[in-house]
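This report describes the fold of one protein chain and then turns to selected strands and residues. The sequence and the structure are shown first.

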Amino acid sequence: MSFVSEKNGYESRLCPTLPRLATAIIELPDGVLMTASHSGRFGLPGGPSQRGELRSQALLRHIREQTGLRINTMLYLFDHITQHNAHKVYLAIAQGAPRLQEAGSRMTLITSPDTDTDVHVESRAILRRYAKVRGEQGPKSEAVRAMLQLARYIAKVE
């Protein structure tokens, strides 16, 4: 498993009560994986870290708990800070087929942040930023494209 460093100086300047979330973008052949509780809006999978847990570790745990997927590799993309949450966003390559792990939860795949699906506003904004990163030129965008090629290769091998 490979990780990209989480060191950022802004962490110490955030409000101490602002929830710190690990958020994953998992691209599958038919779209980006989204999850939701029984009656809630769809959002990107992930969740908060526990005391003493890195957000990258929390992400591995939450993905397994929510979808049953095992993460092989992940790439830190960016921080997405709102007045309600501080997200560390990762592009994750998952192994296996997603399965609902909690009664009443839901899953869907979307192909665009502008979908008609009821997607949480923060997840839409994160997906728009991700689309921008994918389309740009530079080292981060090249790393994203390489990760996506790897994900497609893994999907073919499975």
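A residue is called buried when its relative accessible area is under 20%, and exposed when that value is over 50%. By this criterion, 10 of the 12 residues of strand E5 are buried, so E5 is largely enclosed by the rest of the structure. The structure discussed here is a predicted model.

## Overall architecture

The protein contains 3 helices and 7 strands. Read from the N terminus, these elements follow the order β-β-β-β-α-β-β-β-α-α. A compact globule of 158 residues would be expected to have a radius of gyration near 15 Å, and the protein agrees with this, having 15 Å. Along the principal axes, the C-alpha atoms occupy a box of roughly 45 × 40 × 30 Å.

Of the 158 residues, 46% are buried. Among contacts with a separation of 6 or more, 66% are made by residues 24 or more positions apart. The accessible surface amounts to about 8800 Å², and carbon and sulfur atoms contribute 52% of it. The protein carries 21 positive and 15 negative charges, and the mean positions of these two groups lie 3 Å apart.

## Strand pairing

Strand E1, formed by residues 20-25, is mostly covered, with 5 of its 6 residues buried. E1 pairs with strand E6 (residues 86-95) in the parallel sense through 6 bridges. Within this pairing, Thr-23 stands opposite Val-89 of E6. E1 is also joined to strand E4 (residues 46-48), here in the antiparallel sense and through 3 bridges. In that case Leu-21 faces Pro-48 of E4 across the pairing.

E6 has a further link, to E5, with which it pairs in the antiparallel sense over 10 bridges. A hairpin of 4 residues connects E5 to E6. One opposed pair is Arg-70 with Gln-95 of E6.

Another group of 3 strands forms an open sheet in the order E2-E3-E7, with antiparallel pairing. Strands E2 (27-28) and E7 (106-110) stand at the edges with a single partner strand each, so one side of each has no neighbour in the sheet. E2 is joined to strand E3 (residues 31-36) by 2 bridges. Glu-27 stands opposite Val-32 of E3.

The strand pairs with stated bridge counts are collected below.

| Strand pair | Direction | Bridges |
|---|---|---|
| E1 and E6 | parallel | 6 bridges |
| E1 and E4 | antiparallel | 3 bridges |
| E2 and E3 | antiparallel | 2 bridges |
| E5 and E6 | antiparallel | 10 bridges |

As a general point, side chains in a regular strand alternate between the two faces of the sheet.

## Residues in the loops

Three loop residues are considered in turn. Leu-69 is located in the loop between helix H1 (55-67) and strand E5 (70-81). Its relative accessibility is 1%, and Leu-69 therefore counts as buried. Apart from residues up to four places away in sequence, Leu-69 touches Ile-26, Leu-33, Ile-63, Arg-64, Ala-94, Gln-95, Gly-96, Ala-97 and Pro-98. One of these, Gln-95, is the residue of E6 that stands opposite Arg-70. Leu-69 and Arg-51 are 18 residues apart along the chain, and their C-alpha atoms are separated by 23 Å.

Ser-105 lies in the loop between E6 and E7. With a relative accessible area of 16%, Ser-105 is buried. When residues up to four places away in sequence are set aside, Ser-105 touches Ala-36, Ser-37, His-38 and Leu-100.

Is His-38, a contact of Ser-105, buried or exposed? Because its relative accessibility is 61%, His-38 counts as exposed. His-38 is placed in the loop between E3 and E4. Beyond its neighbours within four places in sequence, His-38 is in contact with Gly-104, Ser-105 and Arg-106. The C-alpha atoms of His-38 and Glu-102 are separated by 9.5 Å, with the two residues 64 positions apart along the chain.

Technical notes: Residues numbered from 1 in each chain as written. Predicted model: local features only at pLDDT ≥ 70, side-chain atom pairs only at ≥ 80, totals over all residues. Heavy atoms only, no water. Rg over C-alpha atoms; globule rule 2.2 N^0.38 Å. Buried < 20%, exposed > 50% of the residue type's maximum accessible area, 1.4 Å probe, protein only. Contact = heavy atoms within 4.5 Å. Areas by Shrake-Rupley, 256 points an atom, 1.4 Å probe, with all protein chains shown as cover. Lys, Arg positive; Asp, Glu negative; His and termini not counted. Charge placed at Lys NZ, Arg CZ, Asp CG, Glu CD. Pairing = 2+ DSSP bridges.
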